[in-house]
Amino acid sequence: MTTAETGTGPTGPTPQPRTQPQAGPQPHPSPQPLTWPTRPVQEPAASTPTSTPSPTSTTTSTPIPTRHGPADPVKTLMHRHRTLCELAVDPMEIAAGLEAHGVTDRTAARFRHRDVFSLAEELYARVPRAEAPPDAPAPAPEPEPVRHGRGVRAVLHLLPGALCAVTMAAVAATADAPTPVPTDWVDAPSTPVIRTAVAAAGACLVILALRLCVRHGPLRARYPSARTAGLWTCWLAGYALCGDWLLRQLLAGGPDLSSVRPQFATGTVLALTCAVVPAAWCAHWFAVRARRRLADSRSLTVFGSRVRPLLLVAVTMQLATLPALSAVVGAAVGDGGAGPGPVAAATALGLLFFLARLLARHGFPAAAAAGPAAAVALEAAALASAAAARLPGLAPLGKPAEAAVTLLGPPAVPAVACALPAAGLLLYALRALTGASAHAPDPVAAPAAPPAEADRP
């Protein structure tokens with residue numbers, strides 16, 4: 001052992017630690033503080049270069065804008081009404097369908113459009129038209145509808161009035177004619193039987209002519225009407241024919257079934273059948289001009305403000321025609337139908353029929369049937385109260401009908417019973433017929449009532 005290895009000191013040699021030769025310089029370790037032994041804390045794993053950067057690392061980057069809705073809001077509406085857009089032949093039909101489903105100009109503003117019409121134009125441009133697949137068999141060609149000229153339509157609508165006049169003339173002729181068979185024939189028909197047969201045959205022809213008028217031309221309904229609509233129409237026509245006589249008999253304690261000979265107001269019925277011609281013309285006038293306003297308008301509000309005066313003008317023209325027809329026909333027939341009471345009753349009934357048919361023509365069959373049904377209920381209530389007044393203790397029930405007949409005559413009951421529902425239908429039409437859906441093209445097939453019935457007032 002060398003001196004350098006052991007060293008010397010005052011008290012003796014001091015041992016020195018052995019040192020190993022190092023390959024190179026090494027850093028000097030920093031001194032660590034003395035602490036009690038603790039449980040090691042696991043540090044989180046270091047993030048790899050491929051991990052998502054933390055939010056703090058993007059503070060200097062451009063902020064991403066927050067979207068509060070879809071980038072293309074029209075796409076949702078396009079998928080919701082895809083069938084309507086595929087089958088539409090022009091943007092106006094899409095606008096009418098959207099309006100029928102409750103889409104207004106305010107709704108269109110949420111889809112970044114100024115009105116329903118511009119929204120319909122975009123839907124029409126973006127949705128392709130529905131086409132049959134290439135391998136589908138070609139459908140059989142359907143016969144094109146026959147387009148009648150104005151002269152043919154005029155003759156068609158003149159037919160009910162002409163048949164009614166011919167029937168009345170035939171009944172009057174058979175009333176004064178002798179029995180057309182030998183008197184020694186035991187089973188020879190009497191004059192009343194012949195007159196009844198002629199009247200029944202003429203009534204059937206008039207009904208068929210009226211049915212033909214409402215199935216073709218401006219008065220045809222867009223959708224199938226309720227089955228009860230025909231029943232209400234027949235009741236109102238029957239009451240106009242002999243309802244006043246029946247009410248008078250019930251108030252007087254009759255009728256006596258042993259010698260019943262009803263009196264018919266033939267002048268009122270003839271005036272109503274002749275009023276089919278002006279009704280068809282007014283309906284056609286309104287439909288044509290409303291369709292033009294639909295093509296020119298750029299919003300539902302503007303369209304409604306343009307169509308509302310047209311509706312009032314059409315109703316006013318029909319309302320002015322009915323009293324003139326009733327007065328002229330009543331004076332010609334000479335059955336008392338030219339007085340103010342029968343003229344007012346015929347005018348109210350004709351206006352009710354016109355408004356009901358106009359609503360049915362533009363796609364509101366439920367409202368068209370509700371108006372006549374209300375008139376039937378009022379007339380039936382008047383007859384029932386007059387009949388029930390003869391029972392013990394129920395005399396006050398017949399006081400209203402008796403007072404109306406005493407002051408204004410029997411025609412006051414049908415005049416009031418038809419005027420009130422007609423006023424209600426007019427108020428309904430001012431909102432229903434000023435919408436775009438009321439003037440859409442007629443569907444090819446309409447097995448059920450339109451959806452506009454639930455959405456329109």
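In the protein chain, 77% of the contacts with a separation of 6 or more are between residues 24 or more positions apart. The model behind this figure is a predicted one. Its secondary structure is easy to summarise, with 17 helices and zero strands in the protein chain. Of the 457 residues in the protein chain, 35% are buried.

A good place to look at the interior is the largest nonpolar core, which has 67 residues. The residues with the most contacts inside this core are Leu119, Leu123, Phe286, Leu311, Leu359, Phe364 and Leu433. Helix H13, spanning residues 340-361, gives the most to the core, contributing ten residues. Once residues up to four places away in sequence are set aside, leucine 359 touches Phe364, Ala367, Ala368, Leu425, Tyr428, Ala429 and Leu433. Another core, of eight residues, lies apart from the largest one. Tyr239, Leu383, Ala386 and Val413 are among the residues of this other core.

Phenylalanine 354 offers a second view of helix H13, where it has its place. With a relative accessibility of 3%, phenylalanine 354 falls under the 20% limit and therefore counts as buried. Leaving aside neighbours within four places in sequence, the contacts of phenylalanine 354 are Ala279, Cys282, Ala283, Ala314, Val315 and Gln318. Phenylalanine 354 also shows how sequence and space can part ways: leucine 219 is 135 residues from it in sequence, yet the C-alpha to C-alpha distance is 9.0 Å.

The packing of helices H11 and H12 comes next. Helix H11 covers residues 276-296 and helix H12 covers residues 300-333. The two helices pack at an angle of about 170°, and their axes are 10 Å apart. Angles over 145 degrees count as roughly antiparallel, and H11 and H12 are therefore roughly antiparallel to each other. On the H11 side, the contact is made by Pro278, Ala279, Trp281, Cys282, Trp285, Phe286, Arg289, Ala290, Arg293, Leu294 and Asp296. H12 answers with Phe303, Arg306, Val307, Leu310, Leu311, Val313, Ala314, Met317, Gln318, Thr321 and Leu325. By type, the residues of this contact divide into 16 nonpolar, two polar and four charged.

Finally, the cysteines deserve a brief word. With a disulfide taken as a pair of cysteine sulfur atoms within 2.5 Å, the count comes to zero disulfides. Cysteine 204 has a relative accessible area of 46% and is partly exposed. Cysteine 242, at 25% relative accessibility, counts as partly exposed too.

Terms used. Residues are numbered from 1 along each chain as its sequence is written. This is a predicted model: local features need pLDDT of at least 70, side-chain atom pairs count only at pLDDT 80 or more; totals for chains, interfaces and linings use all residues. Side-chain values use heavy atoms; hydrogens and water are left out. Axes are lines fitted to C-alpha atoms, for helices over the stretch in contact, and angles run from 0 to 180 degrees between N-to-C directions. Helices (H or I, at least four residues) and strands (E, at least two) are DSSP runs, numbered from the N terminus. Angles under 35 degrees count as roughly parallel, over 145 as roughly antiparallel, 65 to 115 as roughly perpendicular and the rest as oblique. Contact means heavy atoms within 4.5 Å. Ala, Val, Leu, Ile, Met, Phe, Trp, Tyr, Cys and Pro count as nonpolar, Asp, Glu, Lys and Arg as charged, and the others, Gly among them, as polar. Buried means under 20% relative accessible area, exposed over 50%, partly exposed in between (1.4 Å probe, protein chains only). A nonpolar core is a set of buried Ala, Val, Leu, Ile, Met, Phe, Trp, Tyr and Cys residues joined through side-chain atoms within 4.5 Å.
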